[in-house]
Structures are given as C-alpha cells and as structure tokens.
2 protein chains.
Amino acid sequence: MTVTPVSSKPAAPPSDSRARISAFMKSLQDSICENLARIDGKGEFKQDMWERPEGGGGRSRVMTGGDVFEQGGVNFSEVQGETLPPSILKQRPEAAGHGFYATGTSMVLHPHNPFIPTVHLNYRYFEAGPVWWFGGGADLTPYYPFHEDAAHFHSTFKQACDRYHGEYYNVFKRWCDEYFYLKHRQETRGVGGLFFDYQDGRGQLYRGPNPDGGAAAYSNELGDVEPRSWDDLFNFVNTCGHSFIPAYEPIVDRRRNTEYTERQRNFQLYRRGRYVEFNLVYDRGTIFGLQTNGRTESILMSLPPLVRWEYGYTPEPGTPEAELYDTFLNPQDWANWSPSESKA
Amino acid sequence: MTVTPVSSKPAAPPSDSRARISAFMKSLQDSICENLARIDGKGEFKQDMWERPEGGGGRSRVMTGGDVFEQGGVNFSEVQGETLPPSILKQRPEAAGHGFYATGTSMVLHPHNPFIPTVHLNYRYFEAGPVWWFGGGADLTPYYPFHEDAAHFHSTFKQACDRYHGEYYNVFKRWCDEYFYLKHRQETRGVGGLFFDYQDGRGQLYRGPNPDGGAAAYSNELGDVEPRSWDDLFNFVNTCGHSFIPAYEPIVDRRRNTEYTERQRNFQLYRRGRYVEFNLVYDRGTIFGLQTNGRTESILMSLPPLVRWEYGYTPEPGTPEAELYDTFLNPQDWANWSPSESKA
C-alpha cells in the first residue's frame, strides 16, 4: 500500500465556513427532530436555548415519555474559546496558542421497547488557528440480536460513504468499532456504524494507533486517499447526517409493536449501564464538554432515563442475550451480511 | 503557621508491614460484613474469590435484596504489579521504576429507603520502592436532609481522629469535601466525612492544590505536623476503620422504619446518578482499578442497582429536596452542629 505524504497544514477553509457549517448543523437538528416527532407520533421536543459565559451557546431539545422514545435528546451547539483542552491539543498541536471555534449536532435516543436499539449521532466541526477539521458519525446499540437491523443500519451508511470514496466506509466503520469500545468490559458498545475525526482534507483517513486507547481490533495500515477540499468534506458530512433517518426509521417500524417481558426490559436497563460507562469513562465529546465548561445538562442528556447495575451478571448460554454478547458486541462485517447467514 | 521541612523519603516500614496490613484489611472486611448482616437482619453476603493474572487477588462480597440494603458491596484486594499507573506516579515520582504492592478494603452501601444515606468507606496502603503510604476515609451521601445524621457521622470520626492528632479531623474533613466534589455539578457528593491520601509519616498532612482538580473550597495552607511512624498511621487507620459501624448504625436505626413515597424514591434514584457520575468521572480508586486491569465487577460494585437521570431537574424551593441542595451539598461544619441550629 502506498502512503502519500501529508502536507504540513490543511488548505484554508472558505471565508464563510462558519456560517455555512453552523447553518447546516442547525438544519440537521431541525430535520432530525421533525422526523423523530413524526416517527414517535406522540412525544414532542421541548427546547432550551442557552449561552455559554465564555462565548457561544446552543439549543437543546429533549423528548420524554414519547410513544417510542422514553427519552431523546438532540443538541446543537456553537462555541468559541481561548484554547482547546489538552486532550485535543495532543492530537492537533498546531492549534496551541490559538482561539477555537467548534460547532456540532449530537443526538442520543433511548426507546422504551428493548427490541428497538439505542442510537447515537454526532457531527462536529472545529477551527483553531491554522487547522480545521470535521468529525462525527452514528452508531447503533441494540439490546436484542436482530441481524437485519444491524445490516440495514450499516448498509445505509455504506451507501452514503460510497458516494464520496470507496474506502470511506471500511475505514470509518473500523474506526467506529475501535472508538466505541469498552476496554474494561472487552465489549464494543453495540454494532457500531461510522466514526471519524480530524478530517481536514489532507488525505489522512486514519493513521497510527487509536488515540483513545481502545482495542486495535483491526490493522491500522489503512493508508491515505488523495486530498479532499473543505467542500468535499462538508458535502460528505451533510450526506451522512441526512442518512440517519433512513438508517434508523425502518428498524423502529419493525420493532415498535413487538411485546416484551419484564425480563427483557430488565436486560435493556442493565445494558444501558454500559452506555453510561462508555459516555462517562471514554467518550471524547462528553469529556470535551465537561473540560470546556459546557452546559452539563445538555452534555449528560445522553444518559438513559433509567438504568440498572447488577453484580456478576452473565447471560445464560443459548439465549438471545448470549447471542448479543457473542456476536453483536464484537465487530462484524454487517454491511455484507445476508439473510442466509442468520442462525436465528 | 510554621512549616517544617519534609524529609526526602519516608522511614522504612516494618519488615512485616505487608503481613500486618493485609491481615488488618481482611479483618476489617470481616468485621464490617458481620455487622452489616446483623444490622440488615435478612440479607447475606455472597463471596467471590478472584485472582489477578498480573499478581494478587481479592475477595468480593455482595449483599442484594436485604431488608435495609438494596445492594451492598465490601471488597478486599491485595495486588502486586510492575509499575504504578501514571496518575499515581505524578503524585509519587519516587515510585517510578519500582514494582508496587497495594492492598485495601472498600465498601459502598445502597439502602432501599431514601431516608437512609448511601455510604462509602475505603482504606488502602501502598508500597513502591522507597515510598509507602496510607490513604482512605469514609463519606456519607444522604438523600434527605437530617442534620443530626450528618452531625453524628462527623462527630464519630472526629473522636477517632482526635485520639491521634488535634488537626487530623479538620484537615481530613476539608480534604474529603474537596475530593468528593462534582465540578460539573458544583455540588459535593454528600456531607463528606474523612478523606486522606499519601500519608507516609513525613509530617505532611496536605499540601498544594488539590491534585484531583476539585474546587479548592478551603485554603491549602493547612501546615504540617510532626513526623509519624508507620505504626502511628497503622493504628490511626485501624481506629478509623472500626469507627464506621458506630458512625452509621444509629442513622440506619433512626430511618429504617420511616415510610416513603414514590416521589421520594424517585428523588433517591435521581440523586444516585450523581454517585455514578462521581465514581466514573473523578474517583481515584475506580480509575486506579480500571487502569491496572483490576476486576471490573468488583470495581463497579459501587454503582447503584437502579438509577435515574432526568434532564433539567431542579428542586422546588422550600422543599426538603431544595434543602439538600442548599445545605447538604455544600461543605458545612457538621461536627459542631447543634440541634438548636436546625431549622427543620
């Protein structure tokens, strides 16, 4: 595999980059909220506008007690600050000594029904001195093992990626498996999806060991692609953002009317504990928010409304819960799954 | 205030230090478990013995579904390793390049009844090359504001401290308020108690800014005391450890038969979320355990059996919940509280 040299700094962004990305992030929040309210049919989003004393602010939208969604939060934020936190400067030392601009939209949905997966989406954009970058993705966390749901979610995002580059899906899918990994549990958070960070058009997809310390489940020799412009990346993020509803809605439709037992609900509440563990121990967005004096209620909106912990739980062999652990909490080639492979 | 110079390394520990501290930590676990089973009257502890591949092991004991305790965990562990994690080496650079020995007993109790506080205890001991130290403490996390409970807990530990040094209580009480502090919530975890770390007899009680980044609610100019021997510190920790049952049992007795409403139970489940946030984001013991490849189930035994998060909750003014926030989640001089001060 040939590795093309990476230029020393990214090309300058367009002069209206902040206006364009901010308008996009807001419209993505609007579109997702409208669609989720339509899908839910009962719940409505309530909005809080907030300002950050150090500069910037956001709008947080929460739905609770919907027909489908026990809790759903969709945040938009746009903040300025004097210096990025150390965890980011370690990855982008060129940003040291510069003020920063950051904007993003993020979402976490916790459905009532344990057969509907929890899902997360986040897209973000940074500018700091000579550097700028896009990051984000979307990932699915099922409680019960439906192969076709994982395959549909992945295939939808693969199609989005393939419009921009033939390697994007493979690379960003692997990155997602590595990022959303609970080292202390030796489990992925769910079946993954897409994740990417520090995309600044320099042709650098993903290089070097995982900066978050997750398990390197795959080789890191993923190579480079030719340089991309700011507009290329902006369009790519736009397409990914608007692929979320088509990736998730059919799963909700298939599962929302399935009856569930108390045992299944209890398993969902137990597994939600892993979501809490990931977000508070590992998640870059949560840590960035808390480190930059962000709005705590908006940052922790991702935490589930009700959660259980149970000492020493292990699933009984041969059950759907055991299949979740064995297959769905380890990386799989979901985009190429076909119904004939199902053992269910 | 005079500051005596601190010697460059602590005096050597006794030749049988590990045998003595390990026997003490086990007997503390035994004694606490026996007393808690007696207090509960119904629940029993189940024990798991475990070994750590890198060296050492422990015994984890859990009670679930007791009459008083919804979940209670009491851990003993004794581990060896090649190198301490970076977070500890930063505080004790003399330990770099040396193997380490660490032992400790820790406990977290989550009662059913929201009028009985959650409580935590941990005592630990480290040896690494030229350095050794004791650390630990106990702290109380009430859900409803009973001044006499907080005052009793603090007074009991103050009496234990006063047997060893007239400044211990003041210093370790303040350290506890600073350590068990949720910066992102601007709240203490509860009413505190005692906390100390890095006690190696060099006369150093507490110096410099809080290494955990909690709010420095008090001046750090707490001064030094004369050097203490290993035996002095061992006896002090022993006394503190055995003060826990007398500090907590009267509180359980006072509250266990008080009826509670669903609203009060819901508030308890909500406040338990802060316990999760503290332990996963800030707690040194949890981070040490996860960083040193500890036994995850034993480390996370501290997490509550059932927890709620709720976006944007604030207590209604004039309610007991508001009094908790206003008074009990800020540092108070509990040991000197007298019933005449109560507004309840």
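This briefing covers how chains A and B meet and how the two copies are related. The model is predicted: local features need pLDDT of at least 70, side-chain atom pairs count only at pLDDT 80 or more, and totals for chains, interfaces and linings use all residues. Residues are numbered from 1 along each chain as its sequence is written, and chains are lettered from A and ligands numbered from 1 in the order in which they are written.

**Interface**

- Contacts link 24 residues of chain B with 24 residues of chain A (contact: C-beta atoms, placed from the backbone, within 7 Å).
- On the side of chain B that touches chain A, α7 (262–281), α9 (296–299) and β10 (306–308) each supply at least two residues (helices are DSSP runs of H or I with at least four residues, strands runs of E with at least two, numbered from the N terminus).
- The largest share of that side, four residues, comes from α7(B).
- By class, the side of chain B that touches chain A has 14 nonpolar, four polar and six charged residues (nonpolar: Ala, Val, Leu, Ile, Met, Phe, Trp, Tyr, Cys and Pro; charged: Asp, Glu, Lys and Arg; polar: the others, Gly among them).

**Strand pairing**

- β10 (residues 306–308) of chain A pairs with β10(B) in the antiparallel sense over three bridges (pairing requires at least two DSSP bridges between the strands).
- Opposite A:Leu306 stands B:Arg308 in β10(B).

**Symmetry**

- A turn of 180° and a shift of 0.0 Å along the axis lay chain B on chain A with an RMSD of 0.0 Å (least-squares superposition on C-alpha atoms of residues with pLDDT of at least 70 in both copies).
- That is the relation of a two-fold axis.
- B:Val307 comes closest to the rotation axis of the residues of chain B, at 2.6 Å (C-alpha).
- The copies meet through the same surface, because 100% of the interface residues of chain B are also interface residues in chain A.

Conventions. Contact = placed C-beta atoms within 7 Å.
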